[in-house]
Amino acid sequence: MAVTESKMLELGVSAPDFSLPEPLTGKTLALDALRGKQATLVVFICNHCPFVIHVIDGLVDLVKAYQPKGLGVVAISSNDAASYPEDGSAKMARFAEQHGFSFPYLYDETQEVAKAYAAACTPDFYLFNDQLKLAYRGQMDGSRPSNQQPVDGADLRAALDAVLAGRTVSTAQYPSSGCSIKWKST
């Protein structure tokens, strides 16, 4: 299994705006409507990546714990569904239901949103403060499908706790790693 690391977008940049469809509801949702009062988490995932499958239930539990504290969350799939049909809209809706998502799962068919965020892999995490400035980007934790470490969300939790308390997040941030985003051929 080939592993791709996140590109580590520059801290402090503003969250790129977007408006994307949610396959589960058929609605189109924009970043401004999804942002949290205290923090906003944008996560690039897909349905079939073993790295996403490895952390998804831990991510869902983490999100449910932090949403009442003012966290807004959105997951986005940017994979080319023509070449990877397991990441198509209908299967995205099923994946969200299956894992009990308490947040929208949007489809970036044009891949423009992934490019704007410099997303490289799934999962890829971007945490923004209440001003939508990037405070954290990197791994959820040190767990990977093959390393026997627990999925505890330690890195992301530490960043969330800092942002929600109005503190600066440590700049010791480690790239996420996973499957590459499946880009369309040009």
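**Reading folds, faces and odd torsions**

Me: Glutamine 111 is buried, with a relative accessible area of 2%. What sign does the phi of glutamine 111 have?

Reply: Buried is under 20% relative accessible area, exposed is over 50%, and partly exposed sits in between (1.4 Å probe, protein chains only). Keep in mind that this is a predicted model, where local features need pLDDT of at least 70, side-chain atom pairs count only at pLDDT 80 or more, and totals for chains, interfaces and linings use all residues. Residues are numbered from 1 along each chain as its sequence is written, and side-chain values use heavy atoms, leaving out hydrogens and water. Now the general idea: most residues other than glycine have a negative phi, and most peptide bonds are trans. Glutamine 111 isn't a glycine, yet its phi is positive, about 70°. You'll find it in the loop between S6 and helix H4 (112–117); helices (H or I, at least four residues) and strands (E, at least two) are DSSP runs, numbered from the N terminus.

Me: And glutamine 148: buried or exposed?

Reply: Glutamine 148 counts as exposed, at 74% relative accessibility. Its phi is also positive, about 65°, and its loop runs between S9 and H5.

Me: Which residues does a cis peptide bond join?

Reply: Threonine 122 and proline 123, with omega about 0°. Proline 123 is in the loop between strand S7 (121–122) and S8.

Me: Which residues of helix H3 are buried?

Reply: Start with the geometry: an α-helix has 3.6 residues a turn, so residues three or four places apart point the same way. In H3 (residues 89–98), Met92, Ala93, Phe95 and Ala96 are the buried ones. Down the axis of H3 they fall within an arc of 160°, so they line one face of the helix; the arc is taken from the directions from the helix axis to the C-beta atoms. Ala90, Glu97 and Gln98, on the other side of H3, are exposed.

Me: What is the strand order in the open sheet?

Reply: Strands of a sheet pair through backbone hydrogen bonds, either parallel or antiparallel. Here five strands run S6-S5-S4-S8-S9 with mixed pairing, where two strands pair if DSSP finds at least two bridges between them. S6 and S9 are the edges with a single partner strand each, so one side of each has no neighbour in the sheet.

Me: How many bridges join S8 to S9?

Reply: Four, and the two strands run antiparallel. Phenylalanine 125 has glycine 138 in S9 as its bridge partner, while tyrosine 126 stands opposite arginine 137. As for covering, five of the five residues of S9 (residues 134–138) are buried.
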